[in-house]
Amino acid sequence: MAPVKATGAVFAALSIAVLSYLLCNSRSRKTHKPISKKKPRRGLIEAIGNTPLIRINSLSEATGCEILGKAEFLNPGGSVKDRVAVKIIEEALESGQLAPGGVVTEGSAGSTAISLATVAPAYGCKCHVVIPDDVAIEKSQILEALGATVERVRPVSITHKDHYVNVARRRALEANEFASKHGKYIGMDADGLVPANGHISEEEKQNSVFSSNCKGGFFADQFENLANFRAHYEGTGPEIWEQTSGDLHAFVAAAGTGGTLAGVSRSLQEKSPNIKCFLIDPPGSGLFNKITRGVMYTREEAEGRRLKNPFDTITEGIGINRLTQNFLMAELDGAFHGTDMEAVEMSRYLLKNDGLFVGSSSAMNCVGAVRVAQSIGPGHTIVTILCDSGMRHLSKFYDSQYLSQHGLTPTATGLEFLGIS
């Protein structure tokens, strides 16, 4: 009988082993799915866009709304302006206003310039940027590292001939005249050679910033060029709609050129008129007053105390005192006003609670998202834009000494600065 017992034990052991193998193998097949192969993106340009939509956990839990941030800081050039740079350059090349070997000029507070300098080489072009001299120094350092030529000018009103936008426009004219005289300009319009319009002083000609092989210039004109609007109407807006499966109730963002706010708002509201779109406006900007009161001025301006630099805010790239062609395309339901202190506090709150290291405009956008949540109540989905990271804001927005000098040292432990205990 002993041998029979042994044989039975062996058989039982083998049966258990086989059964265990089959079960494990079955579980393995269920849990370890083959990795789907995604095609590599062909070059820098194809890597722009399709950024993730991130749930901002701390703000969502504090407000009872789903607050989502479009992580535009993950674009190759580090900001939402990468989309705009690509659209502007591609449309200019298609129309013949810009030629390979030409130079793109722009007046920018930083992000658009950096994006243009990032993508221009992919199209065989160069970049010349004019920026206010009070912009964070790291922005001009980044631009120079990217190979752009940089002019820093004093901040003045847009009506002044030496406003950074007007200087950039002149530089494009200068490049066209220079290339035309040297037989190198190959940009064309419907009538043939595109002439250099406007007057360029002899001093500017003698101090040309362009190389001898320059093939003309093109002024990107991000404020008025509707390629800016189209970049977000055709790209950012549809992406947000798809990522939320159309299940969203509100969108909010600040405006500088107005392209992002206009493109996204119009795109979303065409898909669903029930989606509410709002502006969050920083100090010194007149857009809040225009939307809420129908007049484009601040209280200080109404009292005759307009500052030489009207953008009296620590935030960069947002806030304006005129209506641009891009902003006029926006479909808005209302506006909120944000303060510098709220933006600073919000940036530190996000870093501490969510690990999000965002720039000044992103922080202001998140202030706007909370304001919208407080306005429409819990249970809604709100989307905003995380424009860029804090890396470009170290010398001002994240500098404790600079903040202290301006009375902006953050002290909040939670969201009490927005009335949330």
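**Notebook: two covered strands and two loop residues**

I looked first at strand E3 of this predicted model and found both of its faces covered, with Val103, Thr105 and Gly107 on one side and Val104 and Glu106 on the other, all of them buried (buried means under 20% relative accessible area, exposed over 50%, and partly exposed in between, with a 1.4 Å probe and protein chains only). E3 spans residues 103-107, and 5 of its 5 residues are buried; strands (E, at least two residues) and helices (H or I, at least four) are DSSP runs, numbered from the N terminus.

Before going on, I noted that residues are numbered from 1 along each chain as its sequence is written. I also noted that, in this predicted model, local features need pLDDT of at least 70 and side-chain atom pairs count only at pLDDT 80 or more, while totals for chains, interfaces and linings use all residues, and that side-chain values use heavy atoms, with hydrogens and water left out.

I next asked which strands pair with E3, taking two strands as paired if DSSP finds at least two bridges between them. Strand E4 (residues 126-132) runs parallel to E3 and is joined to it by 5 bridges, and within E4 I found Val130 as the bridge partner of Gly107. Strand E8 (residues 217-219) also pairs with E3 in the parallel sense, over 3 bridges, and there Gly217 stands opposite Val103.

I then turned to strand E12 (residues 381-386), which is largely enclosed by the rest of the structure because 6 of its 6 residues are buried. Thr381, Val383 and Ile385 point one way from the strand, Ile382, Thr384 and Leu386 point the other way, and all are buried.

For the neighbours of E12, I recorded strand E2 (residues 66-71), which runs parallel to E12 and is joined to it by 6 bridges, with Leu68 opposite Val383. Strand E9 (residues 250-253) pairs with E12 in the parallel sense over 2 bridges, and in this pairing Ala250 stands opposite Ile382.

Last, I looked up backbone angles in two loops. Asn50, in the loop between helix H2 (43-46) and strand E1 (53-55), has a phi near 50 degrees, a positive value in a residue other than glycine, and with a relative accessible area of 54% Asn50 is exposed. Ser245 lies in the loop between helix H9 (227-243) and E9; its phi is near 55 degrees, again positive in a residue other than glycine, and at 67% relative accessibility Ser245 counts as exposed.
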